[in-house]
Each structure stands twice: as structure tokens, then as C-alpha cells.
Number of protein chains: 2
Amino acid sequence: MGLLIGEVARRAGLSTSALRYYEKVGLLPPPTRVSKRRIYDSKVIGRIRIILLALDAGFTVKETRTFLSGYPLSTTPAERWRALAAKKLAELDAQMTRLAQMKSILNDSFQCRCMRIEDCEKYMPPSNRTAQ
Amino acid sequence: MGLLIGEVARRAGLSTSALRYYEKVGLLPPPTRVSKRRIYDSKVIGRIRIILLALDAGFTVKETRTFLSGYPLSTTPAERWRALAAKKLAELDAQMTRLAQMKSILNDSFQCRCMRIEDCEKYMPPSNRTAQ
DNA sequence: ATACGAGTTAAAGTTCAGTTCAAGTCAAGC
DNA sequence: GCTTGACTTGAACTGAACTTTAACTCGTAT
């Protein structure tokens with residue numbers, strides 16, 4: 001009842017090359033194989049959904065890997081995970097604030113009389129970027 | 001009373017190379033020059049803030065350029081701008097939803113008993129990605 | 001007049017997240 | 001036994017958003 005990579009890709013809505021890439025970078029565990037072909041358990045779809053949500057939320061591959069790497073019983077990686085989670089929560093909050101500001105600019109500029117956005121005094125947000 | 005590129009970079013919190021790059025890709029207008037050196041009006045800081053907010057919100061350089069390119073009196077570019085704004089508003093909504101989901105996963109997983117996130121049945125979000 | 005710090009350019013390099021390519025393997029159907 | 005279609009690999013390529021490099025030009029201070 002295993003799935004070939006093409007079927008997993010179809011169900012998850014991404015490409016086979018992306019699945020192989022996720023495996024290579026450690027986001028997906030290497031599945032069992034039958035004559036070299038990858039055979040997936042359908043549970044992998046759930047993991048992929050989480051991966052995509054994390055990546056879409058702006059997590060890097062490395063962060064997503066840490067996030068997915070389980071809640072190990074050993075103290076150190078667990079603490080590392082908690083640290084990452086706390087950091088990413090703060091980042092998500094910051095990012096949501098920025099998105100809300102951008103939404104408000106877009107919404108309001110439908111009504112704006114200014115010829116250029118930067119002439120609208122109200123859109124001078126307090127510099128609050130994520131460090132590059 | 002003009003600003004040299006280094007001072008603009010310092011005030012805006014980015015690099016001089018980024019400023020030259022923004023000019024090259026049309027996000028910033030070419031400033032006046034004195035003996036080849038760029039001399040900026042301090043109003044450019046406001047424009048840079050908007051640029052950074054847009055880029056941070058996930059706009060591409062091209063989208064940001066369209067967004068900043070004014071509200072031309074000619075009908076066609078204005079309509080193009082409105083179309084972009086409407087599209088990006090929808091994208092921002094979608095992205096905010098994803099961020100909220102991710103936040104909720106992060107928040108909850110501090111309490112979770114599962115050894116792996118994908119074992120928590122509650123985190124099987126309905127696939128709602130932005131197309132690749 | 002020469003050294004300096006800050007500016008200039010075009011072109012090449014970097015990182016991230018994949019995609020594409022070339023060459024090959026495998027099981028099934030004709 | 002040969003074609004077909006889905007899979008395999010490693011390596012090269014892509015596009016986005018910058019950064020770095022190398023060679024050069026200024027104005028100013030010593």
C-alpha cells in the first residue's frame with residue numbers, strides 16, 4: 001500500500017524533484033525502497049503539509065529541519081528546539097505586523113489622492129526590519 | 001543639504017551596495033550628482049522605508065517597483081497598479097493566515113506530548129499554498 | 001604632493017530553494 | 001526482446017536579491 005514518489009508529489013501538490021530535494025536536505029526521512037524506487041507511507045503527506053506551512057511562513061530549510069526533528073528526550077536538542085520556537089514566534093509576530101502595515105497601505109492607497117505613496121505622510125512606519 | 005550615499009545607508013539601516021542596487025533595478029530614482037557622487041534629498045528615507053516594508057512583506061522587486069511607480073494619469077498603468085494591489089492584498093491575507101497557523105503550531109507544541117509534530121492530528125492544515 | 005576616506009563602475013560571486021539535464025535502471029505490456 | 005513510462009543519480013543550472021571585488025576618481029587634510 002506504499003506510494004511512489006509521483007503519487008506523493010501529486011497528492012502533496014509539489015514536484016518529485018522537490019521531494020528528492022527535501023530528502024537530501026533532511027526535511028523528509030529516506031523512505032524504504034523497492035528496487036531502488038522510493039516507497040512512501042501515506043503518513044508522509046501530513047509531514048509534507050507541515051513542512052510547506054513552515055517554509056511558507058518564512059522558515060529556512062534548516063529551521064524547518066530543526067523544528068521537525070522531534071522533541072528529543074535528551075535535554076540539549078530539546079532546548080535548542082524551544083529556543084528556535086521562541087525566536088520564530090517573535091519573528092512571526094514581527095512579520096504579521098509588517099504584513100498588516102502593508103495591507104493597510106494597499107487598502108488605503110485605493111483612496112489616496114497623492115501622486116506617489118511616499119508623499120502620504122501617514123506611511124512613514126517606524127523602521128522595524130529583521131536584520132539582514 | 002544633500003546626503004551622500006553612506007549617510008543615507010546609515011539612516012535607512014542598509015548597505016550602500018543595496019542602495020545602488022535599488023537604483024539599478026528602478027526602486028530608487030537616480031539622484032542628482034556632484035562630481036559623479038550621488039546626492040540624495042532626505043525625503044528618500046521615506047521612500048526607502050516603504051520599499052523595505054514592501055520587500056519584507058514578500059513583494060518582489062518588480063512588484064515593489066510597480067507599486068511605487070506612482071498613480072499615473074494614463075489609464076492603463078493605473079489599472080495595472082490596481083490589479084497588482086488587489087492581487088497582493090489577497091496574497092497578504094493568505095500569508096497572514098499561514099503565519100497565524102504556524103504561530104498556533106509553535107505555541108501549542110510547547111505543551112504537546114507527541115514526540116513528533118506530524119503525529120498531532122490537529123496540525124493537518126487544509127492545503128492552501130501559494131502556487132509555486 | 002601625497003595619502004586618506006568615501007565615492008564611482010562593471011562584472012563576478014553568494015545564498016537559498018529548488019529545477020533541469022544527461023545518462024541510466026527497472027517492471028509491464030505488446 | 002523491445003518499447004514505454006516512471007523512476008534513479010549527480011551535477012549543472014536558475015532566479016531573486018544582494019554583496020564583493022578590482023580598478024578607478026574625488027575632495028580634503030597633512
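Ser17(B) lies in helix 2 of chain B. Helices here are DSSP runs of H or I with at least four residues, strands are runs of E with at least two, and both are numbered from the N terminus. Ser17(B) counts as exposed because 10 C-beta neighbours fall inside 10 Å. A residue is called buried when 20 or more other C-beta atoms lie within 10 Å of its own, exposed when there are 12 or fewer, and partly exposed in between, with C-beta atoms placed from the backbone. From Ser17(B) to Asp108(B) the separation is 91 residues in sequence and 42 Å in space, C-alpha to C-alpha.

The model is predicted: local features need pLDDT of at least 70, side-chain atom pairs count only at pLDDT 80 or more, and totals for chains, interfaces and linings use all residues. Residues are numbered from 1 along each chain as its sequence is written, while chains are lettered from A and ligands numbered from 1 in the order in which they are written.

**Surfaces near the DNA**

Ser17(B) is also among the closest residues to DNA strand D, together with Leu4(A), Gly6(A), Arg38(A) and Val61(B). In total, 18 residues surround this strand; a residue is near a molecule or strand if its C-beta atom, placed from the backbone, lies within 6 Å of it. At least two residues each come from helix 1 (5-12), helix 2 (16-24) and strand 2 (37-39) of chain A, and from helix 2 (16-24) of chain B.

DNA strand C is surrounded by 19 residues, and the closest are Ser17(A), Ala18(A), Val61(A), Gly6(B) and Arg38(B). Two or more residues of this surface are given by each of helix 2 of chain A and helix 1 (5-12), helix 2 and strand 2 (37-39) of chain B.

The table sorts both surfaces by residue class. Ala, Val, Leu, Ile, Met, Phe, Trp, Tyr, Cys and Pro count as nonpolar, Asp, Glu, Lys and Arg as charged, and the others, Gly among them, as polar.

| Surface | Nonpolar | Polar | Charged |
|---|---|---|---|
| near DNA strand D | 6 residues | 7 residues | 5 residues |
| near DNA strand C | 6 residues | 7 residues | 6 residues |

**Chain A overall**

Chain A has 5 helices and 2 strands, and along the sequence the pattern is α-α-β-β-α-α-α. Of the 132 residues in chain A, 25% are buried. Among the contacts in chain A with a separation of 6 or more, 44% are between residues 24 or more positions apart. Two residues are in contact if their C-beta atoms, placed from the backbone, lie within 7 Å.

Trp81(A) is placed in helix 5 (residues 75-109) of chain A. Trp81(A) counts as partly exposed because 19 C-beta neighbours lie inside 10 Å. Between Trp81(A) and Ser104(A) there are 34 Å, C-alpha to C-alpha, at a sequence separation of 23 residues.

**Helix 3 against helix 4**

In chain A, helix 3 (residues 44-56) and helix 4 (residues 61-68) pack at an angle of about 135°, with their axes 10 Å apart. Axes are lines fitted to C-alpha atoms, for helices over the stretch in contact, and angles run from 0 to 180 degrees between N-to-C directions. The two helices of chain A are therefore oblique to each other. Angles under 35 degrees count as roughly parallel, over 145 as roughly antiparallel, 65 to 115 as roughly perpendicular and the rest as oblique. Ile50(A), Ile51(A), Ala54(A) and Leu55(A) in helix 3 meet Thr64(A), Phe67(A) and Leu68(A) in helix 4. This contact holds 6 nonpolar, 1 polar and no charged residues.

In chain B, helix 3 (residues 44-56) and helix 4 (residues 61-68) pack at about 135°, and their axes are 10 Å apart. Ile50(B), Ile51(B), Ala54(B) and Leu55(B) of helix 3 make the contact with Thr64(B), Phe67(B) and Leu68(B) of helix 4. By class, the contact in chain B has 6 nonpolar, 1 polar and no charged residues.

**Positive phi in the strand 1 to strand 2 loops**

Most residues other than glycine have a negative phi. Ser35(A), which is not a glycine, has a positive phi near 45°. Ser35(A) sits in the loop between strand 1 (32-34) and strand 2 of chain A, and is exposed, with 5 other C-beta atoms within 10 Å.

In chain B, Lys36(B) has a positive phi of about 70° although it is not a glycine. Lys36(B) is in the loop between strand 1 (32-34) and strand 2 of chain B. With 5 other C-beta atoms within 10 Å, Lys36(B) is exposed.
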